[in-house]
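I opened my notebook beside the viewer today and wrote down what I looked up, one entry at a time. Come along and follow each entry on screen.

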Amino acid sequence: LSSITGVPIVCVSAASPNMYRLKGSWDRFIIAPPYSKVYIKFSEPIYIKDVNSAEVMEGYKILLQQKLISLFEDLLKIVGK
């Protein structure tokens, strides 16, 4: 959709010193208790261009995964986890 519209994708991640992970969650969902301090970090805009093959799409998929992991790891350092 981003390649069709020209609208960039911005990755977002959040973490809290008090966060906990739901047991048995298929997506490793994290919850912060009410009134917790939550830190949020955004990536730079990522423009998806010229998706003309499955290989190019896979490359963008990997890029987005790496950005999300990097954002979350940076936040974990900030919250001390």
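**Entry 1: a pair of strands**

I started with Ala14, which stands opposite Ile40 in S4. I then asked how S1 and S4 pair, parallel or antiparallel. Strand S1 and strand S4, the latter made of residues 39-42, pair in the antiparallel sense over four bridges.

Next I looked at the two faces of S1. Ser13 and Ala15 make up its covered face, while Val12 and Ala14 make up the uncovered one. I added a reminder for myself: side chains in a regular strand alternate between the two faces of the sheet.

**Entry 2: how confident is the model?**

I must remember that this is a predicted model. The pLDDT of the protein averages 92, and 100% of the residues score at least 70. Which element has the lowest mean pLDDT, and which the highest? I found strand S2, residues 20-21, at the bottom with 87, and S4 at the top with 97.

**Entry 3: the largest pocket**

I turned to the largest pocket, which holds about 400 Å³ of space. Its lining has 17 residues, and the closest to its centre are Ser13, Arg21, Arg28, Ile30 and Phe72. I recognised Ser13 from the covered face of S1.

Which elements each supply at least two residues of this lining? I listed strand S1 (12-15), strand S3 (30-31) and helix H2 (54-79). I also sorted the lining by type: 11 residues are nonpolar, two are polar and four are charged.

**Entry 4: Ile30 and Arg28**

I picked two of the residues from the pocket list for a longer look. Ile30 is found in strand S3. Is Ile30 buried, partly exposed or exposed? I noted it as partly exposed, because its relative accessible area is 26%, which falls between the cut-offs of 20% and 50%.

Leaving aside neighbours within four places in sequence, I saw Ile30 in contact with Met19, Tyr20, Arg21 and Phe72. I also checked Ile30 against Ser16, 14 residues apart along the chain: their C-alpha atoms are separated by 9.3 Å.

Arg28 has its place in the loop between S2 and S3. With a relative accessible area of 55%, Arg28 is exposed. Its phi is near 60 degrees, a positive value in a residue other than glycine.

**Entry 5: Leu22, in the loop of Arg28**

I stayed in the loop between S2 and S3, where Leu22 also has its place. Leu22 counts as partly exposed, at 35% relative accessibility. Setting aside neighbours within four places in sequence, I found Leu22 in contact with Phe29 and Ile31.

**Entry 6: two residues between S4 and H2**

I finished with the loop between S4 and H2, where I looked up Ser43 and Asp50. Which side of the cut-offs does Ser43 fall on, buried or exposed? Ser43 is buried, because its relative accessible area is 10% and buried means under 20%. Not counting residues up to four places away in sequence, Ser43 touches Val10, Cys11 and Leu71.

Asp50 counts as exposed, because its relative accessibility is 65% and exposed means over 50%. Asp50 has a phi near 50 degrees, a positive value in a residue other than glycine. I closed the page with Ser43 marked as buried and Asp50 marked as exposed.

Terms used: Residues are numbered from 1 along each chain as its sequence is written. This is a predicted model: local features need pLDDT of at least 70, side-chain atom pairs count only at pLDDT 80 or more; totals for chains, interfaces and linings use all residues. Side-chain values use heavy atoms; hydrogens and water are left out. On a 1 Å grid over the protein atoms alone, a cavity is a set of points where a 1.4 Å probe fits but cannot get out, and a pocket is an open set with protein on both sides within 12 Å along at least five of seven lines; lining residues have an atom within 4 Å of a point. Grid points are joined across faces, edges and corners, and a volume is the space filled by probe spheres set on the points. Ala, Val, Leu, Ile, Met, Phe, Trp, Tyr, Cys and Pro count as nonpolar, Asp, Glu, Lys and Arg as charged, and the others, Gly among them, as polar. Buried means under 20% relative accessible area, exposed over 50%, partly exposed in between (1.4 Å probe, protein chains only). Two strands pair if DSSP finds at least two bridges between them. pLDDT is the predictor's confidence in each residue, from 0 to 100. Contact means heavy atoms within 4.5 Å.
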